[in-house]
Amino acid sequence: MADPIRVVVVDDSDDLRQTLRAQLAADDRFDLVGEAADGSSAVDVVDATRPDVLLLDVSMPHVDGVTALHELHRRQPGLAVVVYAADTRRLAVGEGIAAVVRKGTPIGEVLDVLAAAAQ
């Protein structure tokens, strides 16, 4: 069996992070190695954990996900990022984004996207 995919989840919603934490723990494809509630913390967590894939909200307080994304890719150019946002109209795959997933997508589908992005 392959090593689990190392994931960091970044979202300002405690409830959403808790739901994702539970779903990732129940799926043996993944190892949740870190969480953050804003873009600034995301940079620190990703630096410390070196995940395979990052699930990143774009609308967060303090430092938003788009700003964090630029810094993250400067520090870790190969990092696979899945953007998880309520409004995905202005976001496109490319330029450091492996996939874009709309909030409200069933969690099982989100996990499948994370797995595909890590490949």
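This is a short tour of a predicted model, with a selection to make at each stop.

**Stop 1: helix 1 and strand 2**

Start with the charged side chains. Side chains of opposite charge can pair when their charged atoms come close. The structure holds 10 salt bridges, and the tour visits some of them.

Select Glu-35 and Arg-21. Their side chains form a salt bridge, with N and O 2.6 Å apart. This pair links distant parts of the chain: Glu-35 belongs to strand 2, residues 30-36, and Arg-21 to helix 1, residues 14-26. The two are 14 residues apart. How exposed is each partner? Glu-35 has a relative accessible area of 25% and is partly exposed. Arg-21 is also partly exposed, at 35%.

**Stop 2: Arg-29 and its two partners**

Move to Arg-29, in the loop between helix 1 and strand 2. Its relative accessibility of 30% counts as partly exposed. Show Asp-27 next to see a salt bridge with Arg-29, where the closest N and O atoms lie 2.7 Å apart. Is Asp-27 buried or exposed? With a relative accessible area of 15%, Asp-27 is buried, because buried means under 20%.

Now add Asp-112. The side chains of Asp-112 and Arg-29 meet in a salt bridge as well, at 3.1 Å from N to O. Here too the pair links distant parts of the chain: Asp-112 is in helix 4 (residues 107-118), 83 residues apart from Arg-29. Asp-112 is partly exposed, with a relative accessible area of 42%.

Before leaving the salt bridges, select Asp-14, Arg-17, Arg-21 and Glu-35 together. Salt bridges with shared partners join these four residues into one network.

**Stop 3: helix 1 against helix 4**

Display helix 1 and helix 4 as ribbons. Their axes come within 11 Å and cross at roughly 65°. Helix 1 is therefore roughly perpendicular to helix 4. The crossing of the two helices is right-handed.

Which residues make the contact? On helix 1, select Thr-19, Leu-20, Gln-23 and Leu-24. On helix 4, select Ile-107, Leu-111 and Leu-114. Sorted by class, the contact of helix 1 with helix 4 has five nonpolar residues, two polar residues and no charged ones.

**Stop 4: Asp-57**

Go next to Asp-57, in the loop that runs between strand 3 (53-56) and helix 3 (65-75). What is the relative accessible area of Asp-57? The value is 3%, so Asp-57 is buried. Add Val-9 and draw a line between the two C-alpha atoms: the distance in space is 8.5 Å, while Asp-57 and Val-9 are 48 residues apart in sequence.

**Stop 5: His-73**

The last selection is His-73, which is found in helix 3. His-73 is buried, with a relative accessible area of 17%. What does His-73 touch, not counting residues up to four places away in sequence? Show Leu-79, Val-81 and Gly-96, which are the residues His-73 touches on that count.

Methods
Residues are numbered from 1 along each chain as its sequence is written. This is a predicted model: local features need pLDDT of at least 70, side-chain atom pairs count only at pLDDT 80 or more; totals for chains, interfaces and linings use all residues. Side-chain values use heavy atoms; hydrogens and water are left out. Helices (H or I, at least four residues) and strands (E, at least two) are DSSP runs, numbered from the N terminus. Buried means under 20% relative accessible area, exposed over 50%, partly exposed in between (1.4 Å probe, protein chains only). Axes are lines fitted to C-alpha atoms, for helices over the stretch in contact, and angles run from 0 to 180 degrees between N-to-C directions. Angles under 35 degrees count as roughly parallel, over 145 as roughly antiparallel, 65 to 115 as roughly perpendicular and the rest as oblique. A crossing is left-handed if the near helix is turned anticlockwise from the far one by less than a right angle, and right-handed if clockwise. Contact means heavy atoms within 4.5 Å. Ala, Val, Leu, Ile, Met, Phe, Trp, Tyr, Cys and Pro count as nonpolar, Asp, Glu, Lys and Arg as charged, and the others, Gly among them, as polar.
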